[in-house]
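Reader: I'd like to learn how to read a structure like this one, feature by feature. Could you take me through it with the general idea first and then the case at hand?

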Amino acid sequence: MEGLSLEEKIGQMLVVGFHGTKAPPYIIRWLKAGRIGGVILFARNITTPRQVRDLTKSLHQAAKYPILIAIDQEGGTVARLREGYTESPGAMALGAADDPELTEKVSSILATELRALGVNWNLAPAIDITHNIDNPSVGTRSIGSDPQHVARHAKAQITGYQTTGVAATAKHYPGKANTPVDPHVELPV
């Protein structure tokens with residue numbers, strides 16, 4: 001990060017979202033000025049594959065520095081890309097199949113599609129361990145309840161994403177699934 005101003009260095013650590021299917025002018029200005037290092041896409045930003053590709057292209061082209069474009073595309077119940085996109089089994093189904101090679105292949109397919117759309121960072125896999133059957137936020141997003149089993153498949157998922165050129169983010173570290181509340185609604189303890 002040599003040669004960057006302090007403002008640019010701080011900006012490169014920020015990832016922001018927005019409403020709509022086209023980047024608002026302020027996002028384009030921030031990218032051109034190097035004030036943000038990435039953008040996160042949500043369902044509110046997505047319609048067709050062409051629209052997503054056009055959106056990410058506009059973001060990459062506007063950026064003063066290379067940027068990250070992130071999305072939650074775990075497969076199964078958490079997939080921001082739905083209609084017109086590849087549908088994949090969720091983590092629990094892959095864990096039940098217990099074939100790490102298959103798990104890696106599924107992640108590679110998702111990553112191939114993400115790269116084609118201009119997305120280079122997937123906020124997946126969810127690697128939490130199923131502890132509490134009443135947990136409303138993890139459920140089928142978990143590979144299973146055995147830590148070694150979860151680790152084997154999480155490694156396969158990460159390998160599938162990253163060898164295809166999409167950064168992976170292991171998230172929801174063990175503990176979130178051991179609570180009876182949804183953290184979107186109240187604070188789990």
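Author: Let's begin with L59, which lies in helix α3. Keep in mind that this is a predicted model.

Reader: Is L59 buried or exposed?

Author: The general idea is a cut-off: a residue counts as buried under 20% relative accessible area and as exposed over 50%. L59 has a relative accessibility of 0%, so it counts as buried.

Reader: Which residues does L59 touch?

Author: Leaving aside residues up to four places away in sequence, L59 touches A23, I27, L31, V39, I67 and I69.

Reader: And what about T56?

Author: T56 also lies in helix α3, and T56 is buried, with a relative accessible area of 0%. Its contacts, again not counting residues up to four places away in sequence, are L41, I69, L117, G118 and V119. You may recognise I69 from the contacts of L59.

Reader: How far apart are T56 and D146?

Author: Their C-alpha atoms are separated by 38 Å, and the two residues are 90 residues apart along the chain. For L59 and R152, 93 residues apart along the chain, the C-alpha separation is 35 Å.

Reader: Let's turn to a whole helix. How many residues does helix α5 have, and how far does it reach?

Author: Helix α5 covers residues 100-117, which is 18 residues. From its first C-alpha to its last it reaches 26 Å, close to the 26 Å expected at 1.5 Å a residue.

Reader: How should I read the pattern of buried residues along a helix?

Author: Start with the general idea: an α-helix has 3.6 residues a turn, so residues three or four places apart point the same way. Now the case here: the buried residues of α5 are T103, V106, S107, L110, A111, E113, L114 and L117. Looking down the axis of α5, these buried residues fall within an arc of 160°, so they line one face of the helix.

Reader: Which residues are exposed on the other side of α5?

Author: E101, K105 and A116 are exposed there.

Reader: What do the buried residues of α5 pack against?

Author: They pack against helices α3 (49-62), α4 (91-97) and α6, and also against strands β3 (68-71), β4 (73-75) and β6 (121-122). One more detail to look for is G118, just after α5, which takes a positive phi of about 90°.

Reader: Now for charged side chains. How many salt bridges does a search of the whole structure find?

Author: The search finds five. The general idea is to look for a side-chain nitrogen of Lys or Arg within 4 Å of a carboxyl oxygen of Asp or Glu. One of the pairs is E8 with K64, whose side chains meet at 2.6 Å, N to O. E8 lies in helix α1 and K64 in the loop between α3 and β3, so this pair ties together parts that are 56 residues apart in sequence.

Reader: How accessible are E8 and K64?

Author: E8 has 8% relative accessibility and counts as buried, whereas K64 is partly exposed, with a relative accessible area of 45%.

Reader: Which residue does D72 form a salt bridge with?

Author: D72 pairs with R80, and their closest N and O atoms are 3.4 Å apart. D72 is buried, at a relative accessible area of 10%, while R80 counts as partly exposed at 26%. Both belong to a network of salt bridges that links D72, E74, R80 and K171.

Reader: Where do D98 and R152 lie?

Author: The side chains of D98 and R152 meet in a salt bridge of 3.6 Å, N to O. This pair links distant parts of the chain, 54 residues apart: D98 is in the loop between α4 and α5, and R152 is in helix α6. D98 counts as partly exposed at 39% relative accessibility, and R152 counts as partly exposed at 39% as well.

Reader: To finish, what is on the surface?

Author: L6, I10, M13 and L14 make a nonpolar surface patch of about 440 Å². Of these, M13 is found in the loop between α1 (6-11) and β1 (15-16), and M13 counts as exposed at 64% relative accessibility. For a charged example, look at K155 in helix α6 (residues 147-162). K155 is exposed, with a relative accessible area of 60%.

Definitions and conventions. Residues numbered from 1 in each chain as written. Predicted model: local features only at pLDDT ≥ 70, side-chain atom pairs only at ≥ 80, totals over all residues. Heavy atoms only, no water. Helix = DSSP H or I, 4+ residues; strand = E, 2+ residues; numbered from the N terminus. Buried < 20%, exposed > 50% of the residue type's maximum accessible area, 1.4 Å probe, protein only. Patch = residues over 30% accessible without salt bridge, like charges linked within 9 Å, V, L, I, M, F, W, Y side chains within 5 Å. Areas by Shrake-Rupley, 256 points an atom, 1.4 Å probe, with all protein chains shown as cover. Expected span 1.5 Å × (residues − 1). Arc of directions from axis to C-beta. Contact = heavy atoms within 4.5 Å.
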